[in-house]
Amino acid sequence: MPKAGQLRQKHAVMVLLQKGSLRVKFVNLRRITMAKTNTFEKFEKSDKDLTMNMTNKTAVITGATSGLGKELAIALAKKNFNLLLIGHDNQRLEDLKSELGKLGKGNLIAQTIDLSVTNSMYENLEKMAQMVSVVDYIFCCAGIRFVGDGKDMTLEKLSQMMSVNYFSVVFLVKVLVSKIQKQGHIFVISSGAANYGVMGDSGYCSSKAALDRFSEALYSELKPQGIMVTSVSPGPMETKLFRGSQSYSGQTVSPGEEKMISPQIRAQQIMNQIGQDKRRLNLTLSTFIVRVLSTFAPFVLDILIRKKK
């Protein structure tokens, strides 16, 4: 079993507390430079390469009517993808379908499914799966968030959150896995919240942690079949989930002053990773740091979060 010093060197992270503040120093500069190039903001695959590799492809997108899901739908439509769009608002789906029809030549199917109702969701996803014969890519973008302490949780809200954030991905993969082509790719939109239990966000953190573990297992299960699975931590985005989260009692919760990134930027970064066999994709440096610290120095996260509160 490696010693603690060897582990610190292996993961190239040294945590220093000085004068009550936190500094995270990357010791192995070469390695972290590679990590930033390969894992974070910079993605070098050209748009020309994407066009060459994505002719007559079919993608399924959940959460397609807003935020990251919508931006991915727009980007893929411009590449003439065949798209199966899933959302809970029929009118917004039809409006999106009309918008996308002007951008490309791919076939478009809009399917209204309420992913927050577990009992009916699986049956509806099974019916949806019969509409496509083959699938190349799946983008699991649907997500909801209710904020509050564990004592404030309600069974109704927690069930909705688990259904959308976790069970919808499990069931979607279940009904489509036999139709996914070799070299297909499943993108699961996770969160930095999967790595650490944040005070006041226990329900959301739990749903994303379950999703992350499922994604890890799925990666190992499908890799022998030539199917890739990537868990994506996009960081805070300018979306309804971040800007309009509600408490368990229904009150809108202010997101604070945290910097938000456009979902359009995140969509393009994810597009550029199609076909890249990566178990995890951290689109911000902060999500990478949280993942490492939660494993090797959770007390540091405790200090940071207490100071932020």
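Which residues of S3 lie on one side and which on the other, and are they buried or exposed? Thr58, Val60 and Thr62 are on one side of S3, Ala59 and Ile61 are on the other, and all are buried. The model discussed here is predicted.

**Confidence**

The protein has a mean pLDDT of 80, with 75% of its residues at 70 or more. Mean pLDDT by element is lowest for strand S1, residues 13-18, at 34. The highest value, 98, belongs to strand S6, residues 135-140. Over residues 1-52 the pLDDT stays under 50. For that stretch the model has 73 contacts beyond four places in sequence.

**Strand S3 and its partners**

Strand S3 covers residues 58-62 and is mostly covered, with five of its five residues buried. On one side, S3 pairs with strand S4 (residues 82-87) in the parallel sense, over five bridges. Within this pairing, isoleucine 61 of S3 stands opposite leucine 85 in S4. Helix H4 (residues 67-78) joins S3 and S4 in a right-handed β-α-β unit.

S3 also pairs with S6, again in the parallel sense, here over four bridges. Threonine 62 has cysteine 140 as its bridge partner in S6. Isoleucine 61, which has its partner in S4, belongs to the face of S3 that also holds Ala59. Threonine 62, with its partner in S6, shares the other face with Thr58 and Val60.

**Strand S9 and its partners**

Strand S9 (residues 228-233) is likewise mostly covered: six of its six residues are buried. Met228, Thr230 and Val232 form one side, while Val229, Ser231 and Ser233 form the other, and both faces are covered.

S9 runs parallel to strand S8 (residues 180-189), and five bridges join the two. Valine 188 has serine 231 as its bridge partner in S9. Together with helix H8 (residues 202-222), S8 and S9 make a right-handed β-α-β unit. S9 has a further parallel pairing, with strand S11 (residues 280-282), over three bridges. There, serine 233 stands opposite asparagine 282. Serine 231 and serine 233, which take part in these two pairings, lie on one side of S9 together with Val229.

The parallel pairings of S3 and S9 are listed below.

| Strands paired | Bridges | Facing residues |
|---|---|---|
| S3 and S4 | five bridges | isoleucine 61 and leucine 85 |
| S3 and S6 | four bridges | threonine 62 and cysteine 140 |
| S8 and S9 | five bridges | valine 188 and serine 231 |
| S9 and S11 | three bridges | serine 233 and asparagine 282 |

**The loop after S8**

Serine 191 is found in the loop between S8 and H8. Its relative accessibility is 12%, so serine 191 counts as buried. Beyond its neighbours within four places in sequence, serine 191 is in contact with Tyr204, Lys208, Val232 and Ser233. Two of these residues, Val232 and Ser233, are buried residues of S9 and lie on opposite sides of that strand.

Tyrosine 204 also has a charged group over its ring: arginine 145 lies over the face, at 5.5 Å from the ring centre. The C-alpha atom of arginine 145 is separated by 9.8 Å from that of lysine 240, although the two residues are 95 residues apart along the chain. Lysine 240 lies in helix H9, residues 240-243. With a relative accessible area of 68%, lysine 240 is exposed.

**Aromatic pairs**

The whole structure holds six aromatic pairs. One of them joins tyrosine 122 and phenylalanine 171 in an edge-to-face arrangement, 5.2 Å centre to centre and with 65° between the planes. Tyrosine 122 belongs to helix H6 (residues 118-129) and phenylalanine 171 to helix H7 (residues 155-176), so the pair ties together parts that are 49 residues apart in sequence. The relative accessible area of tyrosine 122 is 25%, and this residue is partly exposed. Phenylalanine 171, at 19% relative accessibility, counts as buried.

Another aromatic pair, tyrosine 166 with phenylalanine 167, is tilted: the centres are 5.0 Å apart and the planes make an angle of 55°. Phenylalanine 167 counts as partly exposed, at 31% relative accessibility. Both pairs belong to one aromatic cluster, formed by Tyr122, Tyr166, Phe167, Phe171 and Phe214.

Conventions:
Residues numbered from 1 in each chain as written. Predicted model: local features only at pLDDT ≥ 70, side-chain atom pairs only at ≥ 80, totals over all residues. Heavy atoms only, no water. pLDDT = per-residue confidence, 0-100. Contact = heavy atoms within 4.5 Å. Buried < 20%, exposed > 50% of the residue type's maximum accessible area, 1.4 Å probe, protein only. Pairing = 2+ DSSP bridges. Right-handed = clockwise from strand over helix to strand, strands pointing away. Phe/Tyr/Trp six-rings, centres within 6.5 Å; stacked < 30°, edge-to-face > 60°. Lys NZ or Arg CZ within 6 Å of the ring centre and 35° of its normal.
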